Structures are given as structure tokens and as C-alpha cells.
Amino acid sequence: MKKNLARFFIAALVLIPIALLAQNPAPTPPYSDQAELSKVEAWVTSQGAVASIAPEIAATLGLGSDRLPVKLKSLRDSSGVSHAFAVSTNPSQRGIVLSALKTMEDSKMEIYSVGTAWLTDRSGILRRTIAVDASGARVLPDSSHAAEFKDIKAFFLKKLQATTPTTSSSPFPGISATAAGEKEETK
């Protein structure tokens, strides 16, 4: 009886780690506790330009009625649209504003922006969508521009990836991917 009990005990000790592994079959990524946009936020905070968001836009986004100080990365495409990632530097008004705005000038020589801006946070979850044009800013249904929001998030995640070196994308240890014969993507 004691012999059978000992075998049962050893079998149980062997099966416990196997059962635990079955509950979590995939290894946990090293940054699983970080939200989707946290690395982009850190990149923009460390390397972005000091700027501010106009009071009307900040108010429409629900971030107060004053100019909102931010750190900003903005990249203009060939059509003149500036894709911006702005991180609030005001501790009481945390948020990330993504935008796709084009600067326009009317016949009265007044300059204004036209496009869409989105409020999010490190999680990358859409919190508010606004339209910006010559008449001001107004809240839109989030679903109306959700696909564009997803695209601009992907755009900045890709830009971040392009600026940070990869850690072992080469099949040859100790040799860069380019040196190993892989073609380098041109931008």
C-alpha cells in the first residue's frame, strides 16, 4: 500500500507542471504587461518635439479648455497630410492624440487644418474621434473613422519598429540581417 501511495505521489508531482504548462502553452512575451502604444509613447516622449494642441481641439477631445502641452512626432506624406502622434505632458490631462491633418489656406489668407484626430491612451483603445475643419472641431461617432484610426496606429508602430534595431532577425547569429544577405527595405 505504501509503495502504491509513493508511486501515486510521484506521478502527481510529475503531472502538476505538465498541467500548468497546458494552461499557458505559449511563452509570455517579455513586454506583455505593456499596452499596445506604450513603446511608441516612450519613443515620442523621449525624441518628440515640444508643441501644444489648440484649446478648441483639446476641449473637443475632452482634455481641458487650455492649450495642451505635448511631445509630438509628425510625418508629412506626399499629399501634404501630417500624421501626428502627440503625448500629453500635462500630468492631470493624460492622453495620446493621433491625427491626420492637412494645413489649408483660404481666400482671406487664413490658415487652418482639415482632417481627423483621435484620442486614445497607451492601450490603443479609441476614446474619441473628432473632425477638424475651417469651422472648428466637432465630435464624430467613433465607428465613422475607426479603420483610419487603426491605420494610423499601425503607421506609428511601423515607424517605431523602423527606428529601433531588431534583435536577431538574422538566421546567422552575430551577423546583421543585411550582412546575411537579406534585402534592406527602403523607405
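Is aspartate 133 buried, exposed or partly exposed? Select it to begin: aspartate 133 is partly exposed, because its relative accessible area is 25%, on a scale where buried means under 20%, exposed over 50% and partly exposed in between (1.4 Å probe, protein chains only).

Before moving on, a word about the model. It is a predicted one, in which local features need pLDDT of at least 70 and side-chain atom pairs count only at pLDDT 80 or more, while totals for chains, interfaces and linings use all residues. Residues are numbered from 1 along each chain as its sequence is written, and side-chain values use heavy atoms, with hydrogens and water left out.

**Stop 1: salt bridges**

Keep aspartate 133 selected and add arginine 138. The two form a salt bridge with their closest N and O atoms 3.1 Å apart; the rule asks for a side-chain nitrogen of Lys or Arg within 4 Å of a carboxyl oxygen of Asp or Glu. Arginine 138 is partly exposed too, at 43% relative accessibility. By this rule the count comes to five salt bridges.

Now select Glu41, Arg94 and Arg122, which are linked in a network of salt bridges. Between glutamate 41 and arginine 94 the closest N and O atoms are 3.5 Å apart. This pair links distant parts of the chain, with glutamate 41 in helix 2 and arginine 94 in the loop between strand 3 and strand 4, 53 residues apart. Helices (H or I, at least four residues) and strands (E, at least two) are DSSP runs, numbered from the N terminus.

Between arginine 122 and glutamate 41 the closest N and O atoms are 2.5 Å apart. Arginine 122 sits in the loop between strand 5 (111-120) and strand 6 (128-133), so its salt bridge to glutamate 41 in helix 2 ties together parts that are 81 residues apart in sequence. Colour the three by accessibility: glutamate 41 is buried at 8%, whereas arginine 94 is partly exposed at 46% and arginine 122 is partly exposed at 45%.

**Stop 2: helix 2 and the largest core**

Stay with helix 2 and show its buried residues: Ser38, Val40, Glu41, Trp43 and Val44. What covers them includes strand 2, strand 3, strand 4 and helix 4.

Next, look for the largest nonpolar core, which has 16 residues; Val40, Phe85, Leu98, Trp118 and Phe156 have the most contacts inside it. Such a core is a set of buried Ala, Val, Leu, Ile, Met, Phe, Trp, Tyr and Cys residues joined through side-chain atoms within 4.5 Å. The elements that give two or more residues to this core are helix 2 (38-47), strand 3, strand 4 and helix 4 (146-163). Helix 4 gives the most, with four residues.

Centre the view on phenylalanine 156. Leaving out residues up to four places away in sequence, phenylalanine 156 touches Val40, Trp43, Lys73, Leu75, His83, Ala84, Phe85 and Leu98, where contact means heavy atoms within 4.5 Å. A second, separate core of 15 residues includes Leu68, Ala86, Ala117 and Val132.

**Stop 3: strand 3 and its partners**

Select strand 3 (residues 81-88), where eight of its eight residues are buried. Val81, His83, Phe85 and Val87 point one way, and Ser82, Ala84, Ala86 and Ser88 the other way. In a regular strand the side chains alternate between the two faces of the sheet.

Add the strands on either pairing. Strand 2 and strand 3 pair in the antiparallel sense over seven bridges, pairing being called when DSSP finds at least two bridges between two strands. Leucine 75 stands opposite histidine 83 here. The two strands form a hairpin with four residues between them, and glycine 80 in the turn has a positive phi of about 95°. Strand 3 also pairs with strand 4 (residues 96-105) in the antiparallel sense over seven bridges, with serine 82 opposite leucine 101.

**Stop 4: a lysine without a salt bridge**

Finish at lysine 71, in strand 2 (residues 68-76). Which side chain of opposite charge is nearest to lysine 71? Glutamate 41 is, but at 12 Å away, and lysine 71 is buried with no salt bridge. Lys and Arg count as positive here and Asp and Glu as negative, while His and the chain ends are not counted.

Show the backbone oxygens around this side chain. That of threonine 45 lies 3.0 Å from a polar atom of the lysine 71 side chain, and that of glycine 48 is reached at 3.5 Å.

Conventions. A polar contact is a pair of N or O atoms within 3.5 Å; within protein, one must be able to donate a hydrogen and the other to accept it, and residues adjacent in sequence count only if both atoms are side-chain atoms.
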